[in-house]
Amino acid sequence: MIEIRRIWTQVETIRHEFGPPAAVPLVRGVVAVVLANPYAGRHEPDILPMMAALNPVGADMARRLLDAMGVPAQRIEGYGKGSIVGAGGEIEHGALWHVPGGYAMRDLLQETHGVPTKAIVPSTKKVGGPGARLDVPITHVNASYVRSHFDAIEVGVPGHPKADELVFILAMTTGARVHARVAGLAAADVKGLDGLR
């Protein structure tokens, strides 16, 4: 059921945006996996078997992303996920990534490295053709209301998804937007009780 065709990784370091260089540069990373869509071209009522089969893929992608970013897990402060479904599939096929992708990052950060991850992993999805791009939303890992960490990363895998493919994406960041200054709940003030504040 799981046929991986390509894995694509991108890491960027942001030092400043018009203002002075940041004391600590922001690192943002994404990993995308291109898979064959076993449900392309037909309506399958029961797609849950693929969700279960994606769990090890999610775990592998989360580890790959953290390794590629080259920072300790304790520095990860933001995360997000997304899906691009090839034209032969349906938007619901992209939703298969919600549990395997989101919990993979949360488990890696929380259980393996002790990073609090009470906040839901934000997500977006769409159907698109080869070269389609997706703005993957990012929020704070422990409190969704931390305004300084509201962000997005534009992601696309050149030449994918083909009509019979899926692209599943994970994203992580090491902090707030460079020069964030629109007030609101500060990361240092998070209580971490409910994933919101």
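Which residue in β6 is the bridge partner of P137? In this predicted model, the answer is A152. That pairing is a good place to start, since it leads straight to strand β5 and its surroundings.

Strand β5 covers residues 134–140, and 5 of its 7 residues are buried, so the rest of the structure largely encloses this strand. Let's look at its partners. Strand β6, residues 151–155, is joined to β5 by 5 bridges, and the two run antiparallel. Strand β3, residues 78–85, also runs antiparallel to β5, and 2 bridges join them. If you would like a residue to find in that second pairing, try Y79, which stands opposite T139 in β5.

T139 is worth a pause. This residue of strand β5 has a relative accessibility of 13%, and it counts as buried because that value is under the 20% cut-off. Leaving out residues up to four places away in sequence, T139 touches E77, G78, Y79, I120, P122, S144, H149 and F150.

One name in that group, I120, takes us out of the strands. I120 sits in the loop between α4 (98–112) and β4 (123–127). With a relative accessibility of 60%, I120 counts as exposed, because the cut-off for that class is over 50%. Setting aside neighbours within four places in sequence, I120 is in contact with Y79, R106, T139 and S144. So where does V167 lie relative to I120? The two are 47 residues apart in sequence, and their C-alpha atoms are 21 Å apart in space.

Terms used. Residues numbered from 1 in each chain as written. Predicted model: local features only at pLDDT ≥ 70, side-chain atom pairs only at ≥ 80, totals over all residues. Heavy atoms only, no water. Buried < 20%, exposed > 50% of the residue type's maximum accessible area, 1.4 Å probe, protein only. Helix = DSSP H or I, 4+ residues; strand = E, 2+ residues; numbered from the N terminus. Pairing = 2+ DSSP bridges. Contact = heavy atoms within 4.5 Å.
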